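Let's take a walk through a protein together, starting with the empty spaces and then moving on to the strands and helices around them. Keep the picture open as you read.

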Amino acid sequence: MYKNLREFYKKNSFVRQEKEQANGNYENWMNTNNGGYGCRRSSYITELQRAVFDDVWDEKIMRYRDNRIYRGMADESWNLVPSLNRVCGHDLSLETQVFRSFRKYGYAELAEYSGFWKLLPVAQHHGLPTRLLDWTYSPLVAAHFATEDTSCYDCDGVIWCLDVTDFRKFMPAPLVRKLADTGSNIFTVGMLEKVIPDFDKMRELSDKPYAIFFEPSSMIDRIANQYALFSVVSDPSVLLSDILKTQHIPCRKIVIPKETKLEIRDKLDYINISERMIYPGLDGVCRWITRRYAALGPKYNQRRTENRE
């Protein structure tokens, strides 16, 4: 047994794979011992912060800025699979029917949302199977999602980290021009409506699958509080992880060992990264209270006591 979490981190940490190394020797970078992705294990929350804030200094503006986005997941073994592929993987052509039914039966509540790209995030928010994947600009919000589900405290969590600018060169020319014309790296709903009004048009722009990222309108408090954006692939049968591999796009995975999930979870609460903020309203308050008063310490922090012996 390890004497403490610091020894655990020392024993299990990996040699961080730099993006520059990936550009120079992609195969070696991808063939790390964690599913082919650059990976870093994080135990203490200070180590987590160090992992996500490395290399974010922008010398041009003398500020801490970068183009990274994050996705937290409770189980490190899970892949980047949208809900559409999980629910309708047997027949992805059902996507059109699913979305049509959403618009038909939810008409009364959807009247204020006009346009395909405005409706999609609303559908995702309410649990409709879509090809969207949720991401956030905040690594600490991602850490919340990696540690929120206490039923997964017996497995390592993970934070996926991408640089959105790495995807631009694989996009069709009209989309690249739209980003260049607006000086942007991420699409807005308004930008997409002018170039690709729906998924059919998106696929028509290129025979090769590609991924884009867009910010939804802040029409729902949850979206704003989560500092959210979405990824979407032009072909629903192709996962974002497939895009990463076939297009040799660097990706970093920050692994949160199960032994430290509760510690990181509790410390996130202290800086107001909790269900109360992530899910505004009574639902979020009740979820936070339920977890706060659950008997998690004796079950999961017992490991720390054992490690000290």
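Start with the closed-off space inside this predicted model: there is 1 cavity of 30 Å³ or more. How do you find such a thing? Rolling a probe the size of a water molecule over the atoms shows where empty space is left. The largest cavity holds about 70 Å³ of space. Have a look at what lines this cavity: among the residues are Pro82, Asn85, Arg131 and Leu133, along with Ser231, Val232 and Val233. Further along the chain, Asp235, Pro236, Val238, Leu239 and Leu240 belong to the lining too. By type, the lining of the largest cavity splits into 8 nonpolar, 2 polar and 2 charged residues. Which element gives the most to this lining? That would be β9, with 3 residues.

Now for the open kind of space. The largest pocket contains about 780 Å³. Its lining is made of 31 residues, and the ones closest to the centre of the pocket are Arg71, Gln124, Asp134, Phe145 and Tyr279. Sorted by type, the pocket lining has 18 nonpolar, 7 polar and 6 charged residues. Several elements chip in with at least two residues each: the strands β4 (68-73), β5 (133-136) and β9 (228-233), and the helices α5 (83-88), α8 (116-125), α9 (139-147) and α13 (221-225).

Let's pick one of those helices, α9. Because 8 of its 9 residues are buried, α9 is largely enclosed by the rest of the structure. If you want to find the buried ones, click on Pro139, Leu140, Val141, Ala142, Ala143, His144, Ala146 and Thr147.

Helix α4 (residues 45-53) makes a nice contrast to study. Its buried residues are Ile45, Glu47, Leu48, Ala51 and Val52. Why do they sit on the same side of α4? They cover an arc of only 155° around the axis, so they share one side of the helix. The general idea is handy to remember: an α-helix has 3.6 residues a turn, so residues three or four places apart point the same way.

Next, the strands. All the way along β6 (residues 157-163), 7 of the 7 residues are buried, so this strand is largely enclosed by the rest of the structure. In a regular strand the side chains alternate between the two faces of the sheet. In β6 both faces are covered: Gly157, Ile159, Cys161 and Asp163 are buried on one side, and Val158, Trp160 and Leu162 are buried on the other. Who are the partners of β6? Strand β4 runs antiparallel to β6, and 6 bridges join the two. Within that pairing, Arg68 has Asp163 as its bridge partner. Strand β10 (residues 252-256) also runs antiparallel to β6, joined to it by 5 bridges, and here Ile159 stands opposite Ile254.

Strand β8 (residues 211-215) has two partners to look at as well. With 4 of its 5 residues buried, β8 is largely enclosed by the rest of the structure, so you'll need to look past other parts to see it. Strand β7 (residues 187-188) pairs with β8 in the parallel sense over 2 bridges, and Phe187 stands opposite Phe214. The pairing of β8 with β9 is antiparallel, over 4 bridges. There, Ile212 stands opposite Val232, and Val232 is one of the residues lining the largest cavity you began with.

What about the backbone between elements? Most residues other than glycine have a negative phi, and most peptide bonds are trans. Tyr227 has a positive phi of about 55°, and you'll find Tyr227 in the loop between α13 and β9. Asn272 has a positive phi too, near 65°. It sits in the loop between α15 (261-270) and α16 (275-278), and Asn272 is partly exposed, with a relative accessible area of 41%. Right after α4 comes Asp55, whose phi is also positive, near 65°.

Finally, how many disulfides does the structure hold? The count is 0. Take Cys152: the closest cysteine sulfur is in Cys155, at 4.7 Å from the sulfur of Cys152, so the two are too far apart for a bond. Cys152 also counts as buried, at 11% relative accessibility. Cys88 is buried as well, with a relative accessible area of 5%.

Conventions. Residues are numbered from 1 along each chain as its sequence is written. This is a predicted model: local features need pLDDT of at least 70, side-chain atom pairs count only at pLDDT 80 or more; totals for chains, interfaces and linings use all residues. Side-chain values use heavy atoms; hydrogens and water are left out. On a 1 Å grid over the protein atoms alone, a cavity is a set of points where a 1.4 Å probe fits but cannot get out, and a pocket is an open set with protein on both sides within 12 Å along at least five of seven lines; lining residues have an atom within 4 Å of a point. Grid points are joined across faces, edges and corners, and a volume is the space filled by probe spheres set on the points. Ala, Val, Leu, Ile, Met, Phe, Trp, Tyr, Cys and Pro count as nonpolar, Asp, Glu, Lys and Arg as charged, and the others, Gly among them, as polar. Buried means under 20% relative accessible area, exposed over 50%, partly exposed in between (1.4 Å probe, protein chains only). The arc is that of the directions from the helix axis to the C-beta atoms. A disulfide is a pair of cysteine sulfur atoms within 2.5 Å. Two strands pair if DSSP finds at least two bridges between them.
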